[in-house]
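Biologist: I am new to this structure. Please pick one buried spot, look at it closely, and then work outwards to the parts around it.

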Amino acid sequence: MPSVRRIAPALLGGAVAALATQVAYVTRRNLPSFGNMDASAELGDPAAPPLRITAYGDSSLTGPGLADPSEIWIRQAIEPYAADRHVILRSRAVGGATAPDVLESQLPGHPPTDVAVVAAGSNDALHGLPLRRVEQAFAEIVRRLLAEDAIVVLTGVGDLGTIPRLPPPLGAIARARGRQLDAVQARLAARNPRVFKVPIWPSTATTFRTEPDTFAGDLFHANARGHAIWANAFGPTLRIAVDAADRDAR
């Protein structure tokens with residue numbers, strides 16, 4: 001995700017000038033800043049059948065505020081497959097990335113993969129990128145990955161209004177934008193049987209909204225508990241995607 005100083009103006013857009021006091025509150029808070037990690041890993045017996053997973057996206061995949069890359073949600077979600085597979089996870093994610101960034105900077109030169117996981121859209125919402133531009137970027141991402149025979153998983157965009165560092169009315173604006181971009185990904189998944197979307201809102205929104213101990217010290221990124229919630233939400237969709245990839249391999 002981006003810095004809060006970049007988020008606030010994008011969220012405000014053409015809103016009334018009275019919201020400026022909220023921008024000042026968001027940008028002046030003295031809170032910690034965290035670096036990013038690489039979730040890439042190889043798990044399981046190298047002699048076992050391979051399962052190649054490539055992840056693209058933003059800081060939800062780079063774990064700011066976590067103690068170790070093993071706490072990142074995608075690492076947690078792939079661990080069960082290592083019991084009888086050689087799981088090769090490659091992450092090309094970059095903190096702050098938008099869907100156009102994924103398309104332009106992360107997809108080129110990416111390795112062959114069985115399952116492609118795309119975790120983006122939050123920054124597009126927070127920066128106020130035009131909905132049409134974001135939808136076109138996601139459509140092209142999906143098109144390119146399908147052309148290379150990957151099974152595609154879109155993680156969706158959760159309830160951004162739960163982020164503690166975004167007070168009202170910024171949180172409400174973020175929530176509405178997040179819903180729009182979650183719907184964009186749902187439409188893309190509905191168009192192709194090889195694209196699957198995580199039901200992120202029903203799986204996570206209530207917990208993040210009612211349990212503030214799911215956020216890191218910057219009050220912006222998810223902490224280890226938050227990543228565990230994401231891993232549980234992602235697990236069933238990953239299972240469907242892996243089964244589809246296995247059918248392709250037969």
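## From a buried loop residue outwards

Modeller: Start with L166, which is buried because its relative accessible area is 4%, and buried means under 20%. Keep in mind that this is a predicted model. L166 is not part of a helix or strand here: L166 sits in the loop between strand 5 and helix 7. In sequence, L166 and F220 are 54 residues apart. In space, their C-alpha atoms are 8.2 Å apart.

Stay in that loop. P169 lies there too, between strand 5 and helix 7. The peptide bond that runs from P168 to P169 is cis, and its omega is near 0°. That deserves a second look, because most peptide bonds are trans.

Now move on to helix 7, which spans 170-190. Two of its residues are worth a stop: R177 and D182.

Take R177 first. Is R177 buried or exposed? R177 counts as buried, because its relative accessibility is 16% and the limit for buried is under 20%. Which residues does R177 contact, once neighbours within four places in sequence are set aside? They are D124, A125, G128 and L129. One of these partners offers a polar atom: the backbone oxygen of D124 is 3.5 Å from a polar atom of the R177 side chain. R177 can also be paired with D159. The two are 18 residues apart in sequence, and their C-alpha atoms are 9.2 Å apart.

Next comes D182. D182 also counts as buried, because its relative accessibility is 11%. Its side chain reaches the backbone nitrogen of V157 at 3.0 Å. V157 is also among the residues in contact with D182, along with G156, K197, I200 and W201; neighbours within four places in sequence are left aside.

Helix 7 leads on to the nonpolar interior. The largest nonpolar core has 37 residues. V118, F138, I141 and L145 have the most contacts inside it. Which elements supply at least two residues each? They are helix 4 (99-106), strand 4 (115-119), helix 5 (122-127), helix 6 (131-147), strand 5 (151-154) and helix 7. Helix 6 gives the most to this core: seven residues. There is also a second, separate core, made of 36 residues. W201 belongs to that second core, as do A55, L61 and V153. So W201 ties back to the earlier stop, because D182, a buried residue, has W201 among its contacts.

Return to the largest core and pick L145. With neighbours within four places in sequence left aside, L145 is in contact with Y56, L107, H110, A116, V118, A150 and V152. V118 appears in that list, and V118 is itself one of the residues with the most contacts inside the largest core.

How do two of the contributing helices meet? The axes of helix 4 and helix 6 come within 8 Å of each other, and they cross at roughly 40°. Helix 4 is therefore oblique to helix 6. The crossing is left-handed. On the helix 4 side, the meeting residues are A99, P100, V102 and L103. On the helix 6 side, they are R133, V134, A137, F138, E140, I141 and R144. Two of these, F138 and I141, were named above among the residues with the most contacts in the core.

Follow helix 4 to the loop before strand 4, and there is D114. Its side chain reaches the backbone nitrogen of R52 at 2.7 Å. Residues up to four places away in sequence not counted, D114 touches P50, L51, R52, A150, I151 and A245. A150 is a contact of L145 as well.

Beside A150 in sequence is D149, in the loop between helix 6 and strand 5. D149 is not a glycine, yet its phi is positive, at about 65°. D149 is exposed, because its relative accessible area is 59% and exposed means over 50%.

A second residue of this kind is L219. Its phi is near 60°, again positive in a residue other than glycine. L219 is in the loop between helix 8 (200-210) and helix 9 (224-249). At 24% relative accessibility, L219 counts as partly exposed.

That closes the loop: next to L219 in sequence is F220, the residue paired with L166 at 8.2 Å.

Note on methods. Residues numbered from 1 in each chain as written. Predicted model: local features only at pLDDT ≥ 70, side-chain atom pairs only at ≥ 80, totals over all residues. Heavy atoms only, no water. Core = buried A, V, L, I, M, F, W, Y, C linked by side-chain atoms within 4.5 Å. Buried < 20%, exposed > 50% of the residue type's maximum accessible area, 1.4 Å probe, protein only. Helix = DSSP H or I, 4+ residues; strand = E, 2+ residues; numbered from the N terminus. Contact = heavy atoms within 4.5 Å. Polar contact = N/O pair within 3.5 Å; in protein donor to acceptor, adjacent residues only side chain to side chain. Axes fitted to C-alpha atoms, helices over the stretch in contact; angles between N-to-C directions. Parallel < 35°, antiparallel > 145°, perpendicular 65-115°, else oblique. Left-handed = near helix turned anticlockwise from the far one by under 90°.
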